[in-house]
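Hi,

Here is the structure I promised to pass on. Have a look at it first, and then read my notes below.

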Amino acid sequence: MSRKVEITKVQESRIGEVDFANIPFGRVFSDHMFVAEYQNGAWENFRIVPFGHFTMHPASMALHYGQAIFEGMKASKGADGQPLLFRPEMHAQRINRSAERLMMPAFPEDMFVEALHALIDLDAAWIPPQEGSALYLRPYMFATDEFIGVRPSESYKFIIFTGPVGPYYAKPVRLKVEQHYVRAVPGGTGEAKAAGNYAGSLLPAYKAQQEGFDQVVWMGGPDMKEIQEVGTMNIFFVIDGKVITPITDGAILRGITRDSFLKILPEKGIPVEERKITIDEVVAAYQAGTLQEVFGAGTAAVVSHVAEIAYGDLMIKLPPVADRKIGAMLKDYIDGLRSGRVADTHNWIIPVNQEALV
Ligand code: COI
């Protein structure tokens with residue numbers, strides 16, 4: 001496998017078109033992207049090129065049988081302007097766990113990380129200056145065999161593009177406990193960051209949005225009482241001073257923000273449990289007055305406070321955001337790590353190496 005990376009830079013940057021004070025999530029794309037192809041059993045053709053369209057064959061297998069996976073990551077800038085990555089190796093490992101579940105080839109983890117360094121170094125000017133905003137990084141892989149028989153593809157494309165983003169949710173979210181549709185069951189593809197998992201979530205989310213909610217809370221277990229996650233993030237409950245998040249059982253995405261919170265909380269002296277949690281327990285805590293906070297956690301969402309959760313006819317109303325000390329502490333910690341304001345005691349923050357691929 002040749003590890004040479006060709007770099008073709010844009011002739012003229014589009015950055016002048018961007019209003020960094022007002023960035024919508026997911027609509028603005030930086031100047032360059034990293035691309036590689038898998039064929040004949042090996043990844044090859046590593047290159048950084050101007051961001052732009054590419055052609056696809058109508059029979060490309062990803063379009064038919066859904067071999068498509070992705071990651072969501074963020075790059076930020078420290079106080080000195082140094083571009084920073086957050087736990088890139090965790091994302092490199094997770095995309096390969098997703099790949100394994102969908103019978104796709106692993107992408108070399110060192111190349112995944114090196115490509116990020118080179119791409120971010122090239123497009124560092126696209127990292128928004130204000131804390132809480134970031135350069136969102138979207139690595140993804142999909143099947144490209146031109147064939148419509150059902151089998152794993154033998155060829156794939158891997159791309160990383162980036163774009164500046166503001167917060168995913170601008171205000172606390174209203175959630176609906178989904179009692180009809182399911183996202184995933186243990187043994188399915190729920191733990192993989194598979195494009196199809198998100199496709200399946202769209203109709204239930206649309207129906208919930210028609211009723212005035214932002215997203216659904218996915219449920220599982222034999223009687224649909226076990227809480228799994230929210231459509232766009234993992235979920236955390238604070239009951240009587242203790243933080244609880246559903247244990248990953250194969251149906252729940254192993255969030256990297258979730259993992260970070262599970263490490264930060266005990267260090268702050270806050271008890272945290274990773275275990276099954278049922279909607280009945282949440283309702284009982286609400287009725288007893290001990291449900292203090294609910295928040296979502298994810299790369300895009302960071303910490304998104306939950307305002308209300310509808311469970312059938314019951315509307316669980318959470319305390320005012322001003323009283324959410326634990327969610328606020330976690331958000332401040334992650335935002336602070338990303339801006340260099342909070343000391344990185346875990347080696348999660350990786351300075352972008354300007355020498356990568358040079
Ligand atoms: C992320 O948090 O980065 C994700 O991939 C979730 C997606 C809904 C934006």
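**What I found**

Lysine 276 is exposed, at 54% relative accessibility (exposed means over 50% relative accessible area, buried under 20%, and partly exposed in between, with a 1.4 Å probe and protein chains only). Before the rest, some housekeeping: this is a predicted model, where local features need pLDDT of at least 70, side-chain atom pairs count only at pLDDT 80 or more, and totals for chains, interfaces and linings use all residues. Residues are numbered from 1 along each chain as its sequence is written, and side-chain values use heavy atoms, with hydrogens and water left out.

**Salt bridges**

The count comes to 22 salt bridges, taking one to be a side-chain nitrogen of Lys or Arg within 4 Å of a carboxyl oxygen of Asp or Glu. Lysine 276 is in one of them, with glutamate 226 at 3.9 Å, N to O. Lysine 276 sits in the loop between strand S14 (272-274) and helix H6 (279-288) and glutamate 226 in strand S11 (residues 226-230), so the bridge ties together parts 50 residues apart in sequence. (Helices, H or I with at least four residues, and strands, E with at least two, are DSSP runs numbered from the N terminus.) Unlike its exposed partner, glutamate 226 is buried, with a relative accessible area of 17%. There is also a network in which salt bridges with shared partners join Lys242, Glu273, Arg275 and Glu281.

Another pair is arginine 94 and glutamate 71, with their closest N and O atoms 2.8 Å apart. This one links helix H2 to the loop between strand S4 (68-70) and strand S5 (73-77), 23 residues apart. Arginine 94 is buried at 4% relative accessible area, and glutamate 71 is buried at 0%.

Then there is aspartate 31 with arginine 14, at 4.0 Å, N to O. Aspartate 31 is buried at 3% relative accessibility, while arginine 14 is partly exposed at 29%.

**Helix H2 and what follows**

H2 has 14 residues, which at 1.5 Å a residue should span 20 Å, and its end C-alpha atoms are indeed 20 Å apart (the expected span is 1.5 Å times one less than the number of residues). Its buried residues include Pro88, His91 and Asn96. Asparagine 96 has a relative accessible area of 11%, and a polar atom of its side chain lies 2.8 Å from the backbone nitrogen of phenylalanine 107. Leaving aside neighbours within four places in sequence, asparagine 96 is in contact (heavy atoms within 4.5 Å) with Ala106, Phe107 and Glu109. After H2 comes methionine 103, which has a positive phi, near 55°.

**Loops**

Methionine 103 turns up again among the contacts of proline 152, along with Met61 and Gln67, if you skip neighbours within four places in sequence. Proline 152 is in the loop between strand S7 (134-143) and strand S8 (156-165) and is partly exposed, with a relative accessible area of 32%.

Alanine 59 lies in the loop between S3 and H1 and is buried, at 16% relative accessible area. Not counting residues up to four places away in sequence, alanine 59 touches His64, Asp145, Glu146, Phe147 and Ile148. The C-alpha atoms of alanine 59 and glycine 149 are 9.9 Å apart, with their positions 90 residues apart along the chain.

Cheers

Methods. A polar contact is a pair of N or O atoms within 3.5 Å; within protein, one must be able to donate a hydrogen and the other to accept it, and residues adjacent in sequence count only if both atoms are side-chain atoms.
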